[in-house]
Amino acid sequence: MSRGELTFVSGAPRANHTGAVVLLRKDNMYRLVPQHILWGEELASSFGYSVTTADLNSDGKTEIGGAVYVFLNPFGNWEYARPIRLNGTYDSMFGLTVNNVGDLDRDGYDDIAVGAPFDGDGKVFIYRGSSSGIHTKPAQILDGVDEGVKRFGYSISGGLDIDGNLYPDLAVGSLGDKMVLYRSHPVIHVTRDVFVEPQQYIDLEQHNCKGRDGVCVEVKVCFTFTAYPESYSPDITLVLLFEADTERRKLGLPHRVSFLGRSAQEAEYTHTDELELKGQRHPACRSATFQLHENIRDKLRPISLTITHTIKPPVFSSDTHPVERHTLPPVLSVATSNTLHSEVNFLREGCGDDKICQSNLKFTYQFGTRPITSDLFTPLPKDDEEVAVFSLTDQRSVVLEVTVTNMPSDPLHPEEDGDDAHAAQLVVTLPDTLSYSGFRGQQVVCQANQNGSQAECELGNPLKRDATLKFYIILSTSAITIETTELTVNLLLATISEQPDLAPVTAVAKVIIELPLAVSGQLFFSGAVKGESAMETLDDVGTALEFEFTVTNTGPSLQTLGSAFLNIMWPHELSNGKWLLYPTALHFQGHPETHCTPHTSLNPRKFSHSSPSEDQPKATAKRKGRSHPEEEGHVMNKGSLGRTTPAVAASERRKSLKLDCVLGSARCVLFQCPLHSFSGSAVLKIQGRLWNSTFLEEFPSVSALELLVRANITVKSSIKHLVLRDSAAQVPVMIYPEIGLTAQYWIPWWWILIAILAGILCGFFKRTERRPQYETEYYRAHMHAQPSECGFFRRVQYEDKVPQYHAVKIPRQDRPQFHQSQQKAGILQKKEWATHWSDGTS
């Protein structure tokens with residue numbers, strides 16, 4: 001194992017149950033004594049079953065191989081030896097035979113062969129030696145299938161030159177009665193050089209093609225070869241294959257060149273030629289020219305070239321001598337690849353003095369909408385976290401506004417970056433819920449794949465320094481479902497300029513589901529006071545009302561969203577128990593199967609829709625406290641009024657009031673209507689009556705009343721992003737006394753003047769304990785004229801409270817304002833009802 005020293009190598013495959021290899025030397029007594037022991041690694045691995053020695057790295061020292069373990073000789077210090085393990089397939093008996101087969105390719109390093117007789121029909125692996133020890137990848141694999149031999153590789157013998165061509169041959173045995181002899185081919189080692197014109201770069205402005213217009217590049221490659229021995233110098237023919245834009249085509253991108261002079265069967269980017277070499281060390285060259293396509297976009301990424309050479313097989317004729325026919329032709333050495341790589345660069349404009357383009361692409365985005373026929377972009381609203389909110393209504397597309405800039409990051413040092421961005425593009429990757437629909441913008445071209453899940457937008461080649469580009473990507477939302485809670489769009493800027501910090505950005509927008517609700521209304525009232533006990537028909541109650549509540553659903557059926565309900569807060573009475581709006585009927589238009597609750601609150605007094613005939617029973621349901629307890633069929637007169645608490649204090653009269661259940665000024669009954677599976681819109685109609693008696697009795701001096709009917713939608717659903725737009729609404733019912741009463745109830749001015757003068761003369765006036773809180777110009781006051789001390793009016797005594805009154809409607813034909821002959825200029829228009837009142841005296 002050392003120069004000038006004899007060492008014996010012996011395998012001990014059963015030693016210590018793992019196997020071992022023992023290095024032996026002779027001592028002074030000529031006895032073999034162990035010098036070093038190499039132990040196996042695995043139990044029952046039979047390490048050392050077969051061993052051989054070879055100088056793999058040509059250092060003059062012999063290495064050991066056994067059972068796919070190769071130990072490089074560490075200058076005789078075997079305790080520092082670390083094996084190189086060669087692995088075979090499972091149960092192949094790889095390493096059953098290991099043999100030194102000599103220097104098969106005559107490169108100066110010994111080679112080894114490893115048998116694996118149970119790998120299929122058997123295989124032999126050839127491993128080449130090298131300066132580093134051994135190539136772990138086999139240079140050649142001999143298979144028994146090709147030879148029709150079973151258990152091929154059970155034995156190996158090499159290192160002998162059988163045919164006398166100075167290359168060692170190989171014999172492989174088997175467990176059968178066959179063996180195979182392999183003769184070694186002479187091996188040639190090829191060297192080559194490549195030259196490109198123009199030498200430095202391609203200038204697209206310089207048209208240099210000979211005899212034609214365009215930009216051309218000439219590629220020249222030169223070859224020579226050596227072989228062992230020096231006397232071996234055959235004439236060989238190399239087949240050359242030129243390929244251009246190889247790296248770009250590996251990326252699936254289109255090529256940018258066309259070779260001139262190629263055959264019709266060849267692709268544009270390839271060219272094939274032959275080169276004859278006249279013996280060893282006689283160089284020969286061949287050239288190929290390609291032309292660049294017009295208007296290429298990628299002007300920064302270099303054009304890669306590959307030149308592959310192979311030896312053309314000899315062709316024998318019938319006159320060929322038998323000795324020449326049986327002479328093995330040369331083969332190429334596997335030590336050197338037969339493919340040569342090179343590249344041609346473009347002249348890089350806008351890249352600064354260092355000719356290195358360092359761009360600084362940045363972009364911003366925002367979601368929004370944009371009409372097809374308009375350039376107006378409307379951003380989507382944002383929530384408290386500044387995240388865009390997309391409403392799932394009838395919107396069928398969403399627009400992504402993108403603004404791209406290429407500015408220097410430091411204006412004080414613009415040379416550091418911000419150079420032209422060559423082949424700049426934005427790659428848009430979409431989720432399943434979105435698909436590419438189109439784009440709008442100048443200087444931008446976007447193309448999508450077949451299913452619209454990804455789009456590439458070309459931003460410019462190059463996108464110049466200090467450039468700003470704004471464009472719009474239109475996305476279809478037809479695939480969004482009610483389970484969709486957000487929209488995510490991945491955006492990635494790309495350029496072949498130098499900018500390593502480009503990373504994908506995810507644009508996010510929340511998705512909500514909206515259910516719109518819109519209602520409105522305005523009503524008037526008028527009529528005579530009639531006691532509740534005297535009412536028999538709905539016409540007796542008061543003015544008929546009808547409310548319409550429209551629920552619009554532009555999305556999927558509500559049944560898919562959950563259980564939805566339309567709730568109506570119906571102000572049916574005052575806080576003192578008197579009727580306000582008397583509900584009579586309720587139904588969904590076009591949805592007769594929908595029933596609202598409680599149905600018992602509809603027409604609880606069972607009033608008929610017309611005056612009942614004599615044989616119809618009268619309503620027997622009674623309710624206390626709704627209006628004054630006047631006698632049935634009679635209008636209240638003086639002295640018949642009870643003393644109930646008025647709904648409006650005296651100080652609040654002649655003002656505008658609001659009756660609202662939320663404020664407590666009215667009481668509501670809640671009608672709840674289920675919204676089952678429907679799409680489009682549904683209309684809920686509620687009929688009712690203004691209880692005229694209550695308004696005339698409780699609010700005689702109020703100039704206007706606002707009565708609020710509220711509605712809202714509630715949904716019981718597992719969908720967390722369900723939002724009810726306009727889900728709460730209110731219908732303001734404005735109630736005004738009808739203008740009509742005028743001069744019929746006007747007191748002559750001279751009556752008042754005489755009464756005042758008489759009072760002054762006689763000194764009979766006495767201050768009342770409290771002034772009545774009403775104005776006579778609005779009401780017809782019934783006064784009792786009796787002789788006083790001066791023969792005029794008797795003093796009137798008032799109770800210490802607001803007088804009780806009751807309004808009666810004046811028939812239209814009795815109103816003097818409708819008689820043209822009685823019209824007088826300047827007379828005030830008065831309310832159409834007069835008030836009976838009493839001062840508490842009999």
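These questions and answers walk through a predicted model, its cores, its backbone and its confidence.

Residues are numbered from 1 along each chain as its sequence is written. In this predicted model, local features need pLDDT of at least 70, side-chain atom pairs count only at pLDDT 80 or more, totals for chains, interfaces and linings use all residues, and side-chain values use heavy atoms, without hydrogens and water.

Reader: Which element gives the largest share of the largest nonpolar core?
Author: A nonpolar core is a set of buried Ala, Val, Leu, Ile, Met, Phe, Trp, Tyr and Cys residues joined through side-chain atoms within 4.5 Å. Buried means under 20% relative accessible area, exposed over 50%, partly exposed in between (1.4 Å probe, protein chains only). The largest core has 41 residues, and the strands giving two or more include E26 (361-369) and E34 (467-476); strands (E, at least two residues) and helices (H or I, at least four) are DSSP runs numbered from the N terminus. The largest share, five residues, comes from E34.

Reader: Which residues does Leu459 touch, beyond four places in sequence?
Author: Leu459 is among the residues with the most contacts inside the largest core. Contact means heavy atoms within 4.5 Å. Leu459 touches Val404, Ala424, Gln425, Leu426, Gln443, Leu469, Phe471 and Leu493.

Reader: How many residues does the second core have?
Author: This core is separate. Among its members are Leu602, Phe671, Phe695 and Ala711. Its count is 38 residues.

Reader: What is omega for the cis bond between Glu197 and Pro198?
Author: Most peptide bonds are trans. Pro198 lies in the loop between strand E17 (187-197) and strand E18 (216-227). The bond joining Glu197 and Pro198 is cis, with omega about 5°.

Reader: Is Asn295 buried or exposed?
Author: Asn295 sits in the loop between strand E22 (284-292) and strand E23 (303-311). Its phi is positive, near 55°. Because its relative accessibility is 75%, Asn295 counts as exposed.

Reader: What is phi of Arg151?
Author: Arg151 lies in the loop between helix H1 (144-147) and strand E14 (155-160). At 30% relative accessibility, Arg151 counts as partly exposed. Its phi is positive, in a residue other than glycine, near 50°.

Reader: Over which residues is the pLDDT below 50, with 68 contacts beyond near neighbours in sequence?
Author: pLDDT is the predictor's confidence in each residue, from 0 to 100. The protein averages 76, and 71% of the residues score at least 70. Where pLDDT is low, the predicted coordinates should not be read in detail. The stretch asked for is residues 611-645.
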